[in-house]
Amino acid sequence: MERSKKFLTGLGNQYYRATYKSMGFTSDDLTRPIIGIANSWSESDPGHFNLRQVAQRVRDGIYRAGGTPVEFGVIGGCDGMANGHVGMHYILPHREIIANSVETMAQINQFDALVLLGSCDKIVPGMLMAAARLDIPCIMLPGGPMEGGKVFDGRESDQTSSTEAYGMLSAGKITEEEYVSLEDTACPGCGSCSYLGTANTMCSLAEAMGMTLPDASLAPATSARRLALAEETGIKIMELVEKEITSRKIITNGSIRNAIKACMAMSGSTNAVMHLIAIAHEAELDIDVLAEFDELSRTTPQIAKMNPACNYNVIDFFKDGGVMRMMQNMTDKLLDYDQMTVTAHTIGENIAAHKYLYPNTGRTIRTVDDPFGFTGGVAVLRGNLAPNTGITKPGAFDKSLHHFEGEAICFDSEEEAEEAILAGKVHDGHVVVIRYEGPKGGPGMREMYKAMKYLYGRGLAKSTALVTDGRFSGTNNGCFVGHISPEASEGGTIALVHDGDRIVIDVEERSLNVLVSDEELAARRAAWKAPAPKFTRGWLSLYCKLAGSGAEGAVMDMKKLENL
């Protein structure tokens with residue numbers, strides 16, 4: 001029996017029917033499956049600005065297929081708007097709020113299924129986490145990527161171009177007029193960021209794991225195809241209800257492994273590592289996502305490439321065939337084509353039936369026999385500086401940086417590092433160490449987005465490196481390693497590094513080490529004292545007490561409550 005029928009039928013359940021009817025629902029509406037639409041529309045996030053229109057077409061599809069849509073709101077913050085100030089402390093923690101709120105609304109209302117509308121960095125994984133928890137029929141539907149802006153620095157611009165340009169301005173490389181001109185031209189319309197950041201990475205991986213309809217991850221935000229896919233999604237969710245295809249029949253060890261390989265093949269955002277760990281955790285899977293990333297990065301070729309790894313944008317990738325062509329080119333030798341998807345067909349069946357809208361140019365997608373790189377675009381590093389894990393993205397930076405040795409220059413916050421970079425205190429050969437920005441110490445594992453962009457703007461992208469227990473934006477390139485675990489606030493080695501220490505990053509050897517003896521590190525550890533929490537009130541005071549490490553997906557560890 002459908003979940004909603006248990007409290008919408010029978011003489012004794014008049015109360016619930018009357019409540020719905022107060023909002024204009026009819027008796028006929030309440031005899032149909034009730035489909036929740038979790039809509040993260042807002043005017044604070046360009047990736048979600050079009051979701052009102054998208055939601056209406058989803059509603060049309062649900063009605064057309066015999067269901068009753070019930071729409072509700074979900075928060076969704078834009079990482080870009082939070083970058084470089086206190087707001088970024090809230091971005092990763094709000095992934096948990098999103099998952100909790102979607103779960104809560106679905107259970108309060110006993111929805112029979114959910115369509116999840118979200119496009120951006122933490123919203124997509126948060127919604128997928130909720131789907132995995134609930135194990136009811138669910139389909140993810142993003143709002144689509146943004147078009148690129150006017151050409152600047154050799155490629156179509158985006159909002160991150162403004163940050164790079166500010167670094168150039170501070171170094172005297174461009175005029176103020178050139179800098180100011182980007183304000184009205186870098187973002188020509190709504191949509192998730194035009195490059196392969198965390199937003200478009202997670203949308204793509206949702207498609208790779210079978211949680212979106214084919215092409216639904218990356219059809220442009222302002223396209224007619226986006227609206228047509230919305231109606232098709234509304235129709236398809238009713239088929240999943242009829243066939244009882246729930247989220248955990250799609251989110252499996254095999255589909256998570258497919259998503260990991262897809263991330264490698266396209267050199268997706270490093271944030272995908274923690275998000276896939278979190279989704280697998282909520283689905284109660286036994287796959288070791290971190291170990292899979294480590295192993296599969298050595299054997300999965302990079303066959304797709306887009307900004308920040310090159311000048312082509314995500315919409316160029318979509319027109320070349322997008323996720324579907326990439327998975328077709330990976331073949332069933334690399335991917336598990338037997339995994340079920342929200343089409344009620346397997347990945348292999350979807351690929352066989354797929355019709356491509358545009359001719360393939362070959363600029364963004366290659367075959368496994370002629371890849372951009374023979375190993376994956378994301379790598380896991382370990383060593384005395386990162387005993388548990390460090391995550392990097394070699395597919396997005398020059399091979400000359402795959403081995404980097406330099407002198408540490410240490411900062412205990414993102415802001416300190418950014419001020420030093422703009423003031424010209426960071427030089428060729430420096431390894432910028434930014435610490436106390438992990439899940440607990442940050443709290444919230446802030447992105448070192450601006451620091452990397454300022455290094456690029458000042459011409460230091462190929463002569464410096466950056467290591468942090470925080471995270472990076474998917475748009476960042478250059479030699480960087482994030483997600484260092486244990487983090488500084490837990491007494492990890494990164495807390496013990498001194499200015500002038502030599503640090504060696506070796507992508508080929510998958511290693512990250514500070515060239516300091518074990519004896520010296522032990523002495524420094526004995527003298528180290530944990531800093532006081534930065535937040536003692538509100539939501540973040542709770543999050544920093546319960547947050548797991550980056551190696552554990554930064555999910556909230558409820559077992560820690562036992563020690564409070």
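## A tour of two helix pairs and two pockets

H10 and H12 are oblique to each other, because their angle falls outside the ranges that count as roughly parallel, antiparallel or perpendicular. This is a predicted model, and that helix pair is a good place to begin.

**Stop 1: H10 and H12.** Select residues 198–208 for helix H10 and residues 253–266 for helix H12. Their axes lie 8 Å apart, and the two helices pack at an angle of about 135 degrees. Look along the pair and you will find a right-handed crossing where H10 passes H12. Now show the side chains: from H10, pick Ser-204, Leu-205 and Ala-208, which meet Asn-258, Ala-259, Ala-262, Cys-263 and Met-266 of H12. Colour this contact by class, and six residues come up nonpolar and two polar, with no charged ones.

**Stop 2: the largest pocket.** Keep H10 on screen, since it also supplies at least two residues of this pocket's lining. The pocket holds about 510 Å³ of space. To centre your view, select Gly-80, Met-81, Asn-83, Gln-159 and Tyr-449, the closest to its centre of the 31 residues that line it. Then add helix H4 (79–82), helix H8 (159–170) and helix H19 (449–457), each of which likewise gives at least two lining residues. Which helix provides the largest share of the lining? That is H8, with five residues. By class, the lining has 15 polar, eleven nonpolar and five charged residues.

**Stop 3: H18 and H19.** From the pocket, follow H19 to its partner by selecting helix H18, residues 414–422. The axes of these two helices come within 9 Å and cross at roughly 10 degrees. That angle makes H18 roughly parallel to H19. On the H18 side, display Glu-418, Ile-421 and Leu-422; on the H19 side, display Lys-450, Ala-451, Tyr-454 and Leu-455, which they meet. This contact divides into five nonpolar and two charged residues, with no polar ones.

**Stop 4: the second largest pocket.** Finish with a space of about 420 Å³. Select His-281, Glu-282, Glu-552, Val-555 and Met-556, which lie nearest the centre among the 18 lining residues. Next, bring up helix H6 (93–109) and helix H13 (271–282), as each supplies at least two residues of the lining. H13 gives the largest share, four residues. Colour the lining by class once more, and you will see eight nonpolar, seven charged and three polar residues.

Notes: Residues are numbered from 1 along each chain as its sequence is written. This is a predicted model: local features need pLDDT of at least 70, side-chain atom pairs count only at pLDDT 80 or more; totals for chains, interfaces and linings use all residues. Side-chain values use heavy atoms; hydrogens and water are left out. Axes are lines fitted to C-alpha atoms, for helices over the stretch in contact, and angles run from 0 to 180 degrees between N-to-C directions. Angles under 35 degrees count as roughly parallel, over 145 as roughly antiparallel, 65 to 115 as roughly perpendicular and the rest as oblique. A crossing is left-handed if the near helix is turned anticlockwise from the far one by less than a right angle, and right-handed if clockwise. Contact means heavy atoms within 4.5 Å. Ala, Val, Leu, Ile, Met, Phe, Trp, Tyr, Cys and Pro count as nonpolar, Asp, Glu, Lys and Arg as charged, and the others, Gly among them, as polar. On a 1 Å grid over the protein atoms alone, a cavity is a set of points where a 1.4 Å probe fits but cannot get out, and a pocket is an open set with protein on both sides within 12 Å along at least five of seven lines; lining residues have an atom within 4 Å of a point. Grid points are joined across faces, edges and corners, and a volume is the space filled by probe spheres set on the points.
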